[in-house]
Amino acid sequence: MRVSGNGVDLESVHLLLTYKCDGECDHCFVWSGPQAPGTMSTHHVAEAIEQASEIDTVNSVYFEGGEPFLFYPILLKGVELARQHGFEVGIVSNAYWAETSDDAELWLRPLADLGVSDLSLSSDDYHGEEESVRRVAAATTAAKRLGIDVGVLSVKRVESCEGGEGASDDAGEVFFRGRAAAKLADKAPPRQSSSLTSCPEEPPNIARVHVDAYGNVLFCQGISIGNLRKAPLKTIISSLSPEKHPLIGPLIRGGPAALSEELSVRAESGYADACHMCYDIRSKLRAEGRLRDVLLPDQAYGD
Ligand code: SF4
């Protein structure tokens with residue numbers, strides 16, 4: 001079924017296999033950590049993939065977290081199901097499992113055999129410097145041996161605005177949402193709230209959504225557009241009017257500045273970036289008990 005009549009051409013579904021992570025990084029978009037609840041069962045993975053397959057424009061499925069390798073058998077089964085439905089498959093990981101390149105090959109070979117085509121590895125100062133660099137290098141070597149496309153995701157350290165030990169030359173900026181807003185935003189130079197008039201996700205173009213263990217279908221971490229246990233994904237996408245969504249609509253019209261104005265939520269005078277302002281406005285809405293069915297899940301807000 002093609003469901004892009006509303007201008008939404010969904011290309012990719014990203015499964016947040018778990019909010020659990022072996023690490024607890026300051027720059028995390030959500031609040032992942034060893035104790036974080038919210039892990040998909042095999043049934044929920046299969047349900048999400050099945051629903052994604054009903055949308056003709058979707059061509060890839062990604063497995064992310066948290067750290068998806070923590071639930072390796074579920075990850076393997078999910079990759080198998082996604083490949084059976086003809087999806088390109090990618091995985092995002094911090095490579096905690098890659099002690100050596102030979103060990104990493106043991107972890108990756110079953111995934112390569114199933115046809116995983118993309119492996120994105122997180123590595124930067126926030127992931128633990130030398131340890132992270134060593135493991136990512138081992139995983140990269142193994143992935144190359146197995147013919148998996150591999151890339152490194154890294155961000156610059158906020159305090160220095162320079163890449164550190166683990167950051168690659170083309171390291172990106174931190175987006176200050178989730179734990180990153182709480183832990184790092186005050187280290188960045190403030191920007192005037194009135195100047196924050198666009199959203200980096202660039203709505204109304206919605207090429208990807210994230211789906212979590214609770215069935216939440218997320219435009220961005222903490223912004224739900226529906227729940228696939230209440231309505232099929234194809235219905236959620238086909239019935240979505242981005243301009244009419246209570247949060248995406250204002251973001252289209254004028255970024256987080258419009259969010260503050262249209263929803264009458266007081267903004268601070270300065271923010272680290274657009275996401276910091278967006279996260280602050282959304283957190284204030286939650287504190288007021290507003291839009292509780294949209295401001296999901298709790299893990300995106302550290303609750
Ligand atoms: S401005 Fe808000 S919705 Fe847009 S990317 Fe940042 S946190 Fe997400």
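This report walks through a predicted model, starting with its sheet and moving on to the helices and a few unusual backbone spots.

## The sheet

Let's begin with the strands. Eight of them make an open sheet with mixed pairing, in the order 5-4-3-2-1-7-8-9. Its edges are strand 5 (149–153) and strand 9, each of which pairs on one side only. If you follow the sheet from one strand to the next, the twist averages 25°.

## The edge at strands 7, 8 and 9

It is worth zooming in on one end of that order. Strand 7 (residues 208–211) and strand 8 run antiparallel and are joined by two bridges. Here H210 has L218, in strand 8, as its bridge partner. On the other side, strand 8 (residues 216–220) pairs with strand 9 through four bridges, again in the antiparallel sense. In this pairing, C220 sits opposite I223 of strand 9.

Strands 8 and 9 form a hairpin, with two residues between them. One residue to look for in the turn is G222, which has a positive phi of about 95°. Is strand 9 (residues 223–227) mostly covered or mostly open? Mostly covered: four of its five residues are buried.

## A closer look at L218

L218 is a handy residue to select in your viewer, and it belongs to strand 8. It counts as buried because it has 21 C-beta neighbours inside 10 Å, and the cut-off for buried is 20 or more. Leaving out residues up to four places away in sequence, L218 touches V209, H210, D212, I223 and S224. H210, already met as the bridge partner of L218, is thus also one of the residues in that contact list.

L218 can also be related to a residue far back in the numbering. L218 and V13 are 205 residues apart along the chain, and their C-alpha atoms are separated by 10.0 Å.

## Helices on the sheet

Now for the helices that meet these strands. Helix 1 (residues 42–52) packs on the sheet and touches strand 1 (12–16), strand 2 (60–64) and strand 7. The direction of helix 1 makes about 170° with that of strand 1. Helix 2 lies across strand 1, strand 2 and strand 3 (88–93), and runs at about 175° to strand 2. Strands 1 and 2 therefore appear in the descriptions of both helices.

## How the helices pack together

Two packed helices are described by the angle between their axes and the distance between the axes. For helix 1 and helix 2, the angle is about 20° and the axes are 10 Å apart. The two helices are therefore roughly parallel to each other, since angles under 35 degrees count that way. Their crossing is right-handed. Which residues meet here? From helix 1 they are T42, V45, A46 and I49, and from helix 2 they are I74, K77, G78, L81 and A82. By class, this contact divides into six nonpolar, two polar and one charged residue.

Helix 2 has a second partner. The axes of helix 2 (residues 72–84) and helix 3 (residues 101–114) come within 9 Å and cross at roughly 15°. That angle makes helix 2 roughly parallel to helix 3. This crossing is right-handed too. Helix 2 contributes L76, V79, E80 and R83 to the contact, while helix 3 contributes P110, L111 and L114. Sorted by class, the residues are five nonpolar, no polar and two charged.

## Unusual backbone spots

Finally, some places in the loops deserve a look. The peptide bond from G65 to G66 is cis, with omega near 15°, and G66 is in the loop between strand 2 and helix 2. Another cis peptide bond joins P203 and P204, where omega is about 15°. P204 lies in the loop between strand 6 (191–192) and strand 7.

That loop between strand 6 and strand 7 also holds E202. E202 is not a glycine, yet it has a positive phi of about 55°. Is E202 buried or exposed? E202 is exposed, with 11 other C-beta atoms within 10 Å. S264, likewise not a glycine, has a positive phi of about 55°. S264 is in the loop between helix 7 (248–262) and strand 10 (270–271), and with 6 C-beta neighbours inside 10 Å it counts as exposed.

Terms used: Residues are numbered from 1 along each chain as its sequence is written. This is a predicted model: local features need pLDDT of at least 70, side-chain atom pairs count only at pLDDT 80 or more; totals for chains, interfaces and linings use all residues. A residue is buried if 20 or more other C-beta atoms lie within 10 Å of its own, exposed if 12 or fewer, and partly exposed in between; C-beta atoms are placed from the backbone. Two strands pair if DSSP finds at least two bridges between them. Axes are lines fitted to C-alpha atoms, for helices over the stretch in contact, and angles run from 0 to 180 degrees between N-to-C directions. Angles under 35 degrees count as roughly parallel, over 145 as roughly antiparallel, 65 to 115 as roughly perpendicular and the rest as oblique. A crossing is left-handed if the near helix is turned anticlockwise from the far one by less than a right angle, and right-handed if clockwise. Two residues are in contact if their C-beta atoms, placed from the backbone, lie within 7 Å. Ala, Val, Leu, Ile, Met, Phe, Trp, Tyr, Cys and Pro count as nonpolar, Asp, Glu, Lys and Arg as charged, and the others, Gly among them, as polar.
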